Amino acid sequence: MEIKKKLVMNFKTVLGKKVAISVDNPREDLNESEIKTAMENILAKNIFTANGDDLVSCVDAKVVETGTTDYDLGL
């Protein structure tokens, strides 16, 4: 089974919509403080928009693990 990880950071836009930004293969030793700092930097530098709407607040963040099992069905 192949396990993939990604860091998903959720923000709110000026219009109150939720937007997710994800990073594949985050460091194993990544901590809450580093994630919060990165999210605050994204807001402060205003480098991302969602359909033209600025991101205005941090909502939450999580590391998501996805497992994939391939089956050889002889097809």
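Select strand 1 (2-13) and strand 4 (53-68): the two run antiparallel and are joined by 12 bridges. Strands here are DSSP runs (E, at least two residues), helices are DSSP runs (H or I, at least four residues), and both are numbered from the N terminus. Two strands are taken to pair if DSSP finds at least two bridges between them. To see one rung of this pairing, pick Val8, whose bridge partner in strand 4 is Lys62.

The model is predicted, so local features need pLDDT of at least 70 and side-chain atom pairs count only at pLDDT 80 or more, while totals for chains, interfaces and linings use all residues. Residues are numbered from 1 along each chain as its sequence is written, and side-chain values use heavy atoms, with hydrogens and water left out.

**The sheet**

Stay on Val8 and look to the other flank, where Ser22 of strand 2 stands opposite. Strand 1 and strand 2 pair over seven bridges in the antiparallel sense. They form a hairpin with four residues between them. Select Gly16 in that turn to find a positive phi of about 85 degrees.

Next, add strand 3 (49-50). Two bridges join strand 3 to strand 4, again antiparallel. One position to display is Ala50, which stands opposite Asp53 in strand 4.

With the four strands shown together, the order across the open sheet reads 2-1-4-3, with antiparallel pairing. Strand 2 and strand 3 are at the edges with a single partner strand each, so one side of each has no neighbour in the sheet.

**A polar residue in strand 1**

Select Asn10, in strand 1. Is Asn10 buried or exposed? Asn10 is buried, at a relative accessible area of 6%; buried means under 20%, exposed over 50%, and partly exposed in between, with a 1.4 Å probe and protein chains only. Show its side chain together with that of Asp60: a polar contact of 2.6 Å joins the two. A polar contact is a pair of N or O atoms within 3.5 Å; within protein, one must be able to donate a hydrogen and the other to accept it, and residues adjacent in sequence count only if both atoms are side-chain atoms. Leaving aside neighbours within four places in sequence, the contacts of Asn10 (heavy atoms within 4.5 Å) include Lys18, Val19, Met39 and Cys58.

**Helix 1**

Move to helix 1, residues 32-45. Its 14 residues reach 20 Å from first C-alpha to last, close to the 20 Å expected at 1.5 Å a residue; the expected span is 1.5 Å times one less than the number of residues. Which residues of helix 1 are buried? They are Ile35, Met39 and Ile42. These cover an arc of only 55 degrees around the axis, which puts them on the same side of helix 1; the arc is that of the directions from the helix axis to the C-beta atoms. An α-helix has 3.6 residues a turn, so residues three or four places apart point the same way.

The buried residues of helix 1 pack against strand 1, strand 2 and strand 4. Rotate to the face turned away from that buried side to find the exposed residues Ser33, Lys36, Ala44 and Lys45.

Now check the two ends. At the start, a side-chain oxygen of Asn31 comes to within 3.0 Å of the backbone nitrogen of Ser33. Just after the helix, Asn46 has a positive phi of about 50 degrees. Asn46 sits in the loop between helix 1 and strand 3 and is partly exposed, at 38% relative accessibility.

**The core**

Select Leu7, Met9, Phe11, Val19, Ile21, Ile35, Met39, Ile42, Ala50 and Leu55, the 10 residues of the largest nonpolar core. Such a core is a set of buried Ala, Val, Leu, Ile, Met, Phe, Trp, Tyr and Cys residues joined through side-chain atoms within 4.5 Å. Strand 1, strand 2 and helix 1 each supply at least two of its residues. Centre on Leu7: not counting residues up to four places away in sequence, Leu7 touches Ile21, Pro26, Ile35 and Val63, among others.

**The loop before helix 1**

Finish in the loop between strand 2 and helix 1, starting with Asn25. Asn25 has a phi near 50 degrees, a positive value in a residue other than glycine. Asn25 is exposed, with a relative accessible area of 62%. In the loop too is Pro26, which is buried at 14%. Pro26 and Val63 lie 37 residues apart in sequence, with 8.1 Å between their C-alpha atoms. Beyond four places in sequence, Pro26 is in contact with Lys5, Lys6, Leu7 and Val63.
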